[in-house]
Amino acid sequence: MYSMRFPGEDVSRLTLQQLRGKEGSRVRALYKKLSDEWHVPWNGRNYKPDDFDGSDDVNKALSVANTCLYGLTHSVIAALGLATGLGFIHVGLEKSFVYDVADLYKAEYTIPLAFKLAGEHTPNIALETRKRMRDVFYESHLIERIVKDLQWLLSDEDVVLSDEDASLCLWDGIRGSTTAGTQYFSKTISKDDNV
């Protein structure tokens, strides 16, 4: 997951603590860059779950955008039959794996959008953030990308997956991988059957 954040760099010899520090520096630099670019004051990630309106606009937009990303990521993970609590970076939470995977896309999707909307003084920033995230997910084919990334991350080989490889399938212990969306049960259930 960290090698995906730092393409072209060999991070395999760094400790988890070093990787977390490197990631923190990368994200702080991105916040600073976008703060300067959009002329939005940035005093850090500051939000209270029970007081949404108490946050500044950029923190409101970040909260909404991240929630949208978590929802999409959670849906993909569940659809693939993976455990949402299987954390590698985040641990001990019901959605640790959701947070791990979503963090791969925040720097590209949620953070830039939040600063852009705050910089444009967008009215009703929460509603507009949700709409824009929906559009970005659709236009960028993020669902398909997450599927490919998860298949690559969880495979035991360094392989490049094609679009066909990223399609959803079902696993059958006898036949192996079978196409999803097909009715494989052929017996008609009658009213006399115990179901």
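**Exercise 1.** Does F88 count as buried, partly exposed or exposed, and why?

*Solution.* The structure is a predicted model. Step one is to recall the cut-offs: buried means under 20% relative accessible area, exposed means over 50%, and partly exposed lies in between. Step two is to apply them: the relative accessibility of F88 is 46%, so F88 counts as partly exposed. Step three is to place the residue: F88 belongs to the loop between α3 (57-79) and α4 (96-102). Finally, F88 joins L86 and L154 in making a nonpolar surface patch of about 280 Å².

**Exercise 2.** Determine what span α3 should have, and compare this with the distance between its end C-alpha atoms.

*Solution.* The expected span of a helix is 1.5 Å times one less than its number of residues. With 23 residues, α3 should therefore span 33 Å. The end C-alpha atoms of α3 are 33 Å apart, which agrees with the expected value. After the helix comes G81, which has a positive phi, near 75°.

**Exercise 3.** Describe the chain as a whole, beginning with its secondary structure.

*Solution.* First, the elements are counted: the chain has 7 helices and 2 strands. Next, their order is read along the sequence, giving α-α-α-α-α-α-α-β-β. Burial follows: 33% of the 195 residues count as buried. The exposed surface of the chain is about 12600 Å², and 53% of it is supplied by carbon and sulfur atoms. Last come the contacts: among those with a separation of 6 or more, 49% are between residues 24 or more positions apart.

Methods: Residues numbered from 1 in each chain as written. Predicted model: local features only at pLDDT ≥ 70, side-chain atom pairs only at ≥ 80, totals over all residues. Heavy atoms only, no water. Patch = residues over 30% accessible without salt bridge, like charges linked within 9 Å, V, L, I, M, F, W, Y side chains within 5 Å. Areas by Shrake-Rupley, 256 points an atom, 1.4 Å probe, with all protein chains shown as cover. Salt bridge = Lys/Arg side-chain N within 4 Å of Asp/Glu carboxyl O. Helix = DSSP H or I, 4+ residues; strand = E, 2+ residues; numbered from the N terminus. Buried < 20%, exposed > 50% of the residue type's maximum accessible area, 1.4 Å probe, protein only. Contact = heavy atoms within 4.5 Å.
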